Structure formats: structure tokens, C-alpha cells
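Me: Please walk me through this model. I will ask in short turns, and I want the reasoning with each reply.

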Amino acid sequence: MRRLLERAANRVRSGNAVTASTHLCYAWAMTSAMRVRGLVKKFGSLVAVDGVDLDVEERELFGLLGPNGAGKTSLFRVITAVSPATAGKAWVAGKDVAEEPRAVKSIIGVVPQQDNLDPDLTVVQNLVTFARYFDIPKRTAMTRVEELLSLVQLQEKRNEQVDRLSGGMRRRLLIARALVNQPKVLVLDEPTVGLDPQAKHLVWQKLRSLKDLGVTQLLCTQNMDEAERLCDRIAIMHQGKIIAQDTPARLIAAYGGKRIVEARPRQDDRDWLVETLRRQGLEFQEVEDTFYIFQTDGEVLDQRLVASLDRFAHHVPTLEDVFLRLTGRSLGE
Ligand SMILES: Nc1ncnc2c1ncn2[C@@H]1O[C@H](COP(=O)(O)OP(=O)(O)OP(=O)(O)O)[C@@H](O)[C@H]1O
Ligand SMILES: [Mg+2]
């Protein structure tokens, strides 16, 4: 690290600023848990990830939100050394993902969006087989597997073949598997989808305790409650780009405004409502039959307008409103 900084300083002294900044970038990469620069991922002509820069600090629990198809999983797959970037770079704990994929895989735990458990093996066999990839001694592996089974409450299913588990149990097993190598960095792609409330709270509690233990986490979720409860910072991804990032509270303050008005016009009044809101200079998003109107106290809507509505309500802004305003989509859409 020091050598890299010295090398960068020498480059600056010798006037080679471009190379200097490259060396500084490498030096910085070693201080953050995850660093992404100018990352592009293309599938043919489709640009799934479009020039993403991202920094996740050590011990941070960082959330990634975005509508379906925003490019979140494509980004995750590059960061976890599963799929190569088309352009740009990513580092995990200072290691270049493209140059040291094995090293990256050994320190990272991954809960993929798509279940890739071995359906022919039992619960225990899935975990033990995975431990072998990391050369974990058998005895240590067995102790760890027992702890993980108890953590995700799958002890009773230990000898069950995976294709006989329920969807929620399989997700819990995926989470246990991601922890087999005691990763320094955990990447979770929608880990609680399909879990019942009790199992969801169990996972949330575990993610919080891993944070306390110093594990850095990158969490992709469509669950606002999850994002607000767990994440130190959040990035919102849309059409391959990060369009906003900050703490949940600051995102809400910046994009939620004071109040959100929910207005559902009668069918014949829709065009008139759009025209009225535009005339009043109010920002809004239309989702199905409901208008979400931002940065208003409610009083600014005139009485005639309110009287014309089928439904009128207002609420204190949430992360979901921020998401809606920035992407024009409601979550889970
Ligand atoms: N292997 C692939 N081949 C071709 N196109 C792909 C591939 N994987 C993803 N895409 C496309 O890239 C875009 C981004 O997909 P991605 O899975 O990264 O989105 P996402 O944000 O994870 O969405 P979701 O919330 O639905 O999981 C989509 O248009 C998708 O169709
Ligand atoms: Mg995805």
C-alpha cells in the first residue's frame, strides 16, 4: 500500500499524472472492501451495466436497489468473479477480480439470486461439498456445518435431499452455504425472497451480527423494510447506472420531500389531473391508476382537485417513494 502511494507520488513529481492516478486508484482499492470503476457489462448489444462506480467500505452493509432488469445481478456476477466485465475494473479487499478470481472467491460469500444448490445431494452434503472447494479440514467443516444448520434452523432437514425442501428452506440453505468459508465479504442477491416473516427476521438478525463481526455486505433487495432496517448506505440502480446513493435517511430527505400525496382520479378526470399538476409545477409519478405527488404539504392541492378524486391520502415519505420518484417504478414491479 505504502509502496503504491509512493509510486503514485513519484509519478506526480515526474509529471505523469495519468499513470499516477491509476496507481492511486490501485492503492485506494486496497482500503475499501469493494471498489468498482467504470464497470460495463454487455450482452451483445444490450448494455446491462453502464459505467458503474461503487465503493463499499469495510464493515459496511451496503444496499443495492433497482427495478427488474436494472443490472444488479449482472453487476454482482462481475464483482464475484463469476462473469467477466466488458470494460472497467472491480476489486474485492484490494484484489483485482479479473486478475485474481480465485483469491476473490476464497474471501467472498455469495447468495445468488438463482438457486444453484445440488438437488441430488442432501442438505449436509451440499454444505460439506462446498467446504471442500476451500480446502477446509473435514473436522472443522463438520463443526461449521452444524453451526450453520442451527443458524438457519435446518437441523431437522439435515439428511433430506435438496429437491425435497420447500423454496424458503432452499434459500436458507443458500445463506448457510455462503457462510461456509467464513467470508470477509458477503454478497447477497435478494436473500430473503420467499421467506416467511420468522425466517426473514432470523436472516436479518444474522446479517446484523455478521456486521458486528466486521463482515462487509453488499445486499440487493426489493424489500424496503429490509433496506431501511439493515443498510448503512444504499445505491439506486436504473438502466445499468447508479442514479443516487446515500444513507436511507438522507435519500428520503433529498428525494421524498415533506409529504407524498396519493391521488386516484376518476377515470374521466385523468388527463385533467395531469394538466392541473403540471400547471401547478408539482412533480408526480403515475403508477397504474394512482398518482404519487411529491414535495407537497397536501394543502397546495386545491379543493376542486381533491373533490374530483376517487381516493386521496398522504403519508410521510419512505424509501419506496424515493425509489418511485427516481425510477418511475414501484418496487417489485
Ligand atoms: N446471460 C444473459 N444474456 C443476455 N442478457 C442478459 C443475461 N443476463 C442478464 N441479461 C439482461 O441484462 C439486463 C439486466 O439483467 P439483470 O439480471 O442484471 O437485472 P437485475 O437488476 O438483477 O433484475 P431483477 O431485479 O429482475 O433480478 C436485463 O435486460 C437482462 O435481460
Ligand atoms: Mg437480479
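The turns below cover confidence, overall make-up, a helix pair and a few single residues.

Me: What is the average pLDDT of the protein chain?
Reply: This is a predicted model, and confidence comes as pLDDT from 0 to 100. Of the residues, 87% score at least 70. The chain average is 87.

Me: Which element of the protein chain has the lowest mean pLDDT, and which the highest?
Reply: Strand β1, residues 34–43, has the highest mean, at 98. At the other end, with a mean of 46, is residues 17–29. That element is helix α2.

Me: How many contacts beyond four places in sequence does the model have for residues 17–30?
Reply: pLDDT stays under 50 over residues 17–30. It also stays under 50 over residues 11–15, which have 6 such contacts. Where pLDDT is low, predicted coordinates should not be read in detail. With that caution, the number for residues 17–30 is 22.

Me: How many helices and strands make up the secondary structure of the protein chain?
Reply: The chain has 333 residues, and 38% of them count as buried. Its secondary structure comes to 13 helices and 14 strands.

Me: In the protein chain, what share of the contacts with a separation of 6 or more comes from residues 24 or more positions apart?
Reply: Take the contacts with a separation of 6 or more as the whole. Then pick out those whose residues are 24 or more positions apart. Their share is 67%.

Me: Are the axes of α5 and α6 parallel or oblique to each other?
Reply: Helix α5 spans residues 123–133 and helix α6 residues 138–151; their axes come within 10 Å and cross at roughly 135 degrees. Angles over 145 degrees count as roughly antiparallel, and 65 to 115 as roughly perpendicular. The angle fits neither range, so the two helices are oblique.

Me: Is the crossing of α5 and α6 left-handed or right-handed, and how do the residues of the contact divide?
Reply: The crossing is right-handed. From α5, V124, L127, V128 and A131 make the contact; from α6, A141, R144, V145 and L148 do. By class, these residues are 7 nonpolar, no polar and 1 charged.

Me: Is R132 buried or exposed?
Reply: R132 lies in helix α5. Its C-beta has 11 others within 10 Å. The limit for an exposed residue is 12 or fewer, so R132 is exposed.

Me: How far apart in space are R132 and N181?
Reply: In sequence, R132 and N181 are 49 residues apart. In space, C-alpha to C-alpha, the distance is 9.7 Å.

Me: Where does Q153 lie, and what is its phi?
Reply: Q153 lies in the loop between α6 and α7. With 14 C-beta neighbours inside 10 Å, Q153 counts as partly exposed. Most residues other than glycine have a negative phi. For Q153 phi is positive, near 55 degrees.

Me: What is the phi of Q182?
Reply: Q182 sits in the loop between α7 and β7. Its C-beta has 14 neighbours inside 10 Å, so Q182 counts as partly exposed. Q182 is not a glycine, yet its phi is positive, about 45 degrees.

Me: How many residues of helix α13 are buried, and which residue follows the helix?
Reply: Helix α13, residues 319–327, is mostly covered, with 8 of its 9 residues buried. Among the buried ones are L319, V322, F323 and L324, along with E320, D321 and R325. After α13 comes a residue with a positive phi near 70 degrees, G328.

Methods
Residues numbered from 1 in each chain as written. Chains lettered and ligands numbered in written order. Predicted model: local features only at pLDDT ≥ 70, side-chain atom pairs only at ≥ 80, totals over all residues. Axes fitted to C-alpha atoms, helices over the stretch in contact; angles between N-to-C directions. Helix = DSSP H or I, 4+ residues; strand = E, 2+ residues; numbered from the N terminus. Parallel < 35°, antiparallel > 145°, perpendicular 65-115°, else oblique. Left-handed = near helix turned anticlockwise from the far one by under 90°. Contact = placed C-beta atoms within 7 Å. Nonpolar A, V, L, I, M, F, W, Y, C, P; charged D, E, K, R; others polar. pLDDT = per-residue confidence, 0-100. Buried ≥ 20, exposed ≤ 12 C-beta atoms within 10 Å, placed from the backbone.
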